[in-house]
Amino acid sequence: MADAAKRRSTYAEYLAFEEASAERHEFVAGEILAMAGGTIEHGRIMSRLTVLLSAALGGRPCVVLPSDVRVRIRAADRATYPDLHVVCGRVERDADDQNAVTNPVVVIEVLSDSTAAGDRGDGSPTTAGSPASRVRARVSAGAPGDVYHRDGRRWVLDEHRRAEAVRLDALDVTIPVDDICVDALGPIVA
């Protein structure tokens, strides 16, 4: 991994490396970067969001995809595994990578203490959002969530706090923040 990350790799080299690896990696402008593992709280938020979004989208031609489905963003020379993403209509695959989706409408990242700085910085919608994306949301356990909505070519930030609701206009869905936050779900049983 260290050797692959020190030099610029082609996308084909990244795919071969990823295929042979037990861990997942992002591809960012020729660099292959290891992805961090998740916490129990992270997993609970992802599970909760999957259930909430799937229920809210019931009967519509949209699918909620998990973190093991890769997203390719050619304009940013990037491939990544968002925590959740939603595709409405036909799933479009990358021409060079049939396992990568190119048209997520909504991309959701679940923050942890260890990844929050990176996700709030480099994971911003201007660098990570695919051209098809209209919403990019970031949530964390017990904290406000950031929802970026695309307004033409610009991204507009809406911050959401407890007792508020997150409106995902691109999906015509509203979800209460308290339904997402881990501490609203009760204690974890060991």
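**Notebook: sheet, helix 2 and disulfide**

I began with the sheet, which is open and has six strands in the order 2-1-5-4-8-7, with mixed pairing. I looked up its edges next: they are strand 2 (31-34) and strand 7 (93-94), each of which pairs on one side only. I note that the model is a predicted one.

**Entry on strands 1 and 5.** I recalled that strands of a sheet pair through backbone hydrogen bonds, in either the parallel or the antiparallel sense. I then asked in which sense strand 1 and strand 5 pair, parallel or antiparallel. Strand 1 (residues 25-28) and strand 5 (residues 78-80) are antiparallel, and two bridges join them. For one position I looked across the pair: Phe27 has Ala79 of strand 5 opposite.

**Entry on helix 2.** I followed helix 2 (residues 11-20) over the strands and found that it lies across strand 1, strand 2, strand 4 (70-73), strand 5, strand 7 and strand 8 (97-101). Relative to strand 1, helix 2 runs at about 175°.

Which residues of helix 2 are buried? I listed Tyr11, Tyr14 and Glu18. Viewed down the axis of helix 2, the buried residues fall within an arc of 50°, so they line one face of the helix. I set beside this the general rule that an α-helix has 3.6 residues a turn, so residues three or four places apart point the same way.

I also recorded what the buried residues of helix 2 pack against: strand 1, strand 2, strand 4, strand 5, strand 7 and strand 8. On the face turned away from the buried side, I found the exposed residues Ala12, Ala16, Glu19 and Ala20.

**Entry on the disulfide.** How many disulfides does the structure hold? I found one. This disulfide joins Cys62 to Cys88, with an S to S distance of 2.1 Å. The two cysteines lie 26 residues apart and link distant parts of the chain, with Cys62 in strand 3 (residues 62-66) and Cys88 in strand 6 (residues 84-88). The link of Cys62 and Cys88 is right-handed, with 105° about the S-S bond. I checked the exposure of Cys88 as well: its relative accessible area is 24%, so Cys88 is partly exposed.

**Entry on Leu111.** I located Leu111 in strand 9 (residues 106-111). Is Leu111 buried or exposed? Its relative accessibility is 5%, and buried means under 20%, so Leu111 counts as buried. Lastly, I compared Leu111 with Asp83: they are 28 residues apart in sequence, and their C-alpha atoms are 9.4 Å apart in space.

Conventions
Residues are numbered from 1 along each chain as its sequence is written. This is a predicted model: local features need pLDDT of at least 70, side-chain atom pairs count only at pLDDT 80 or more; totals for chains, interfaces and linings use all residues. Side-chain values use heavy atoms; hydrogens and water are left out. Two strands pair if DSSP finds at least two bridges between them. Helices (H or I, at least four residues) and strands (E, at least two) are DSSP runs, numbered from the N terminus. Contact means heavy atoms within 4.5 Å. Axes are lines fitted to C-alpha atoms, for helices over the stretch in contact, and angles run from 0 to 180 degrees between N-to-C directions. Buried means under 20% relative accessible area, exposed over 50%, partly exposed in between (1.4 Å probe, protein chains only). The arc is that of the directions from the helix axis to the C-beta atoms. A disulfide is a pair of cysteine sulfur atoms within 2.5 Å.
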